[in-house]
Every structure is written in structure tokens, then in C-alpha cells.
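Thank you all for making time. I would like to go through one structure with you, taking strands, then a helix, then charged pairs.

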Amino acid sequence: MTYQRFELSDGDRQKIRNGVSCALLLERNGYLLVKDKSTRKCLKYRKDQDIIIVNHGDRGWYGVYGIADQCKGDVFDLMRLLNPSMKFREVCVELGNLVGIEPEGAAYVAQKKEREDMRLPAERWDGKKPLYRNGKVWNYLTKERCLPDWIVRRAMTAGCIRDGYHAAWFAHTDANGAVCGAELRGPDTHICLGGSVKTLFRFKPGAGTQVKRLVVCEAAIDALSFAALDKERTPDTLYVSIAGAMGPETITALKTHLADMAQIDGSLFVVATDDDDAGNHFADMLYDFAFEANVTFTRRLPPDRSKDFNQTLKNMAGMAA
């Protein structure tokens, strides 16, 4: 019997790429859609500790936690990730049987209301006003989240926070300082602005022109909380947040900062992610970035072993009451 090598034509390969849903594969492998964190353009799926984001119109994906950490690709790559023992022929046959089948999650996101404001994040940011004392957002930050007045004022002066009426807007900026997205946090709001490109929320309270000490937290409020508690703050300290995930733009922004810091004697990378499994996972990723850049790094945990630094501030406020 003559062995015949299996080959997939370019046409069939494209038909599978265009016709098979990445979300469907995840659902059939036990992953659940995280509805409150998903949009039409970005579906978040979780299985135990594994987190995979489906993007590019359901034809691409990238992993942020677990087996797919820092992996990405098309439906072929995803099938082989989920079924590593499958041979390529089996992958192709299985995918061919799935062409045109819609995932259950698609029905949910199709019902979500499309955002009505299609302006770019920078334009929407420009339309927001500064915070004002005793306003709804000011009181949320200083009373409910227990941020000191001086930190809120300094963030306003630095231009990284604005009043969204129902929520505080924390700017994400690109390498040139232009606003490309925003974290929105309020009593009933915990989202990223529609159309955002998540890079880093950046808060630099000091007057130093360079960044010699970089502090990374998961959320903007945590970064401001760490700054309020920071007894080692220097004029060249920058506090940043990753908005709970590390996509390609966030990773690029962090590595750019680290590359610059590598040229500065005595620079320090401070990992201040949450004190839980997800925070430990982010910390491991950040350690690798610092190691690759040859920058000294350290981990800082909330002094009272709370989940995050904002909870520490709230605990302190409760004890002082």
C-alpha cells in the first residue's frame, strides 16, 4: 500500500478559516462565555483557570491565562491547542464538519445593544469635564473607594482622569501620550470604553522626566491606591494599570518602558498585581518581561494581605472611622 500524504488545498483552508467559529470550538470543549465581559467584537471564554479571548469577527483568538497563555492564532491553531494529540488530517476533517455552525454565545452578543456613540475614544475623552469636589464621581472615588483627596487632585492635574458623570474615566494612552481608550469605574460601572485600544493607564505624580521606577497594578484605582500608600515614591515613579488583561498593545507598552529603564542604573520594576491566583499569574508574566529586559524587579503585596491595594485603603478608612 502506497502512503499518500494528506494535503489541504488553499481554497479548503480558507473555507474553514472563514466558516468555522473559534467560539464554537471553545464551547464544545467546555468553555463558558463570560457575558458581562464580552462584546460583539471581543468574546471572553473561561474554563476553570483558562481564559481565551475570541476576536477578529470570531475568526481569531488569543490566550490570557492558563493553557493558552500568550498564544494566539486562527481556528486551526485553536483546534490543535485544545486537542494536542490530533493529527493534522483529523483536525481538518473535524473543522470541515463545523463550517457554518453558530456558537451559542453568538446569540447572546447579537442581542446586546450596539454602542450608539461611534466616536473615537480620544474625541469622547475630550468631551468629558474635570472632576469637581462633592460631585458624584468625586464622592465615589474618595468615599466609596477611599482614595485620598490629594491623589485624586494629582491625577486630575496629570490629565489621566475625568468625570463621566456616572463613572470615573481613566485614560489609556499610546506611546505619544494620545488617548486611545479608557477604563470606566463607578458604583454600577466596570467596563472599558467602547472602541478602546487598551494599552496602559499611566499616572506620574512626580516631576521627573524619565521613568526609573515602574509600578504595575491590575486596575487604575489600584494604581492610584498604591500611589497613596507608597512610602518609596520617587519623582521618577510611574504607576500603571493593565485593566485586568494583557493584550498585544499592553505587552508592547510594558516592554517599551522596560527597554528604556534598562538603560538607567538602579531602575526598578514593581509588580503590584492582586493577591490571588490571577494576580500571581500576571506577576509571573511580568517577571519574565523584566528578566528579558535585564531590569531588577520585585513584588509588592497589600500590607494587610487584602486582595488588592484599594481594599487596604478601605480597611484603613474603616479602622479610622
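Before I use the word pairing, let me fix its meaning: two strands pair if DSSP finds at least two bridges between them. Please also keep in mind throughout that this is a predicted model.

Let me begin with strand β3, residues 50-55, and with the question of how many of its residues are buried. The count is 6 of the 6, so β3 is largely enclosed by the rest of the structure. If we look at the two faces of the strand, Asp-50, Ile-52 and Val-54 point one way, while Ile-51, Ile-53 and Asn-55 point the other way, and all of these residues are buried.

What does β3 pair with? Strand β2, which spans residues 43-47, pairs with β3 in the antiparallel sense over 5 bridges, and strand β4, residues 60-65, also pairs with β3 in the antiparallel sense, again over 5 bridges. Val-54 is a convenient residue on which to follow both pairings, since it is the bridge partner of Leu-43 and it stands opposite Trp-61 in β4.

The two hairpins can be described in parallel terms. In the hairpin of β2 and β3 there are 2 residues between the strands, and Asp-48 takes a positive phi near 55 degrees. In the hairpin of β3 and β4 there are 4 residues between the strands, and here His-56 takes a positive phi near 50 degrees.

I turn next to helix α4, residues 88-96, whose buried residues are Val-91, Cys-92 and Leu-95. These three cover an arc of only 95 degrees around the axis, which puts them on the same side of α4. As for what they meet there, the buried residues of α4 pack against α1 (10-19), α2 (22-28) and α3 (75-82).

That brings me to the charged side chains. Side chains of opposite charge can pair when their charged atoms come close. The cut-off I apply is a side-chain nitrogen of Lys or Arg within 4 Å of a carboxyl oxygen of Asp or Glu, and by this rule the count comes to 10 salt bridges.

One of them joins Arg-213 to Asp-230, with the closest N and O atoms 2.7 Å apart. Arg-213 lies in strand β11 and Asp-230 in the loop between α9 and β12, so the pair ties together parts that are 17 residues apart in sequence. Is each partner buried or exposed? Arg-213 is buried, at a relative accessible area of 6%, and Asp-230 is buried as well, at 9%.

Another salt bridge is formed by Asp-274 and Lys-307, whose closest N and O atoms are 2.8 Å apart. This pair links distant parts of the chain, with Asp-274 in the loop between β13 and α11, Lys-307 in the loop between β14 and α12, and 33 residues separating them. Asp-274 is buried, with a relative accessible area of 5%, whereas Lys-307 is partly exposed, with a value of 45%.

Lys-307 also meets Asp-276 in a salt bridge, at 3.8 Å from N to O, and those two residues are 31 residues apart, in the loop between β14 and α12 and the loop between β13 and α11 respectively. Asp-276 is partly exposed, with a relative accessible area of 24%. Taken together, Asp-274, Asp-276 and Lys-307 are linked in a network of salt bridges.

Methods
Residues numbered from 1 in each chain as written. Predicted model: local features only at pLDDT ≥ 70, side-chain atom pairs only at ≥ 80, totals over all residues. Heavy atoms only, no water. Buried < 20%, exposed > 50% of the residue type's maximum accessible area, 1.4 Å probe, protein only. Arc of directions from axis to C-beta. Contact = heavy atoms within 4.5 Å.
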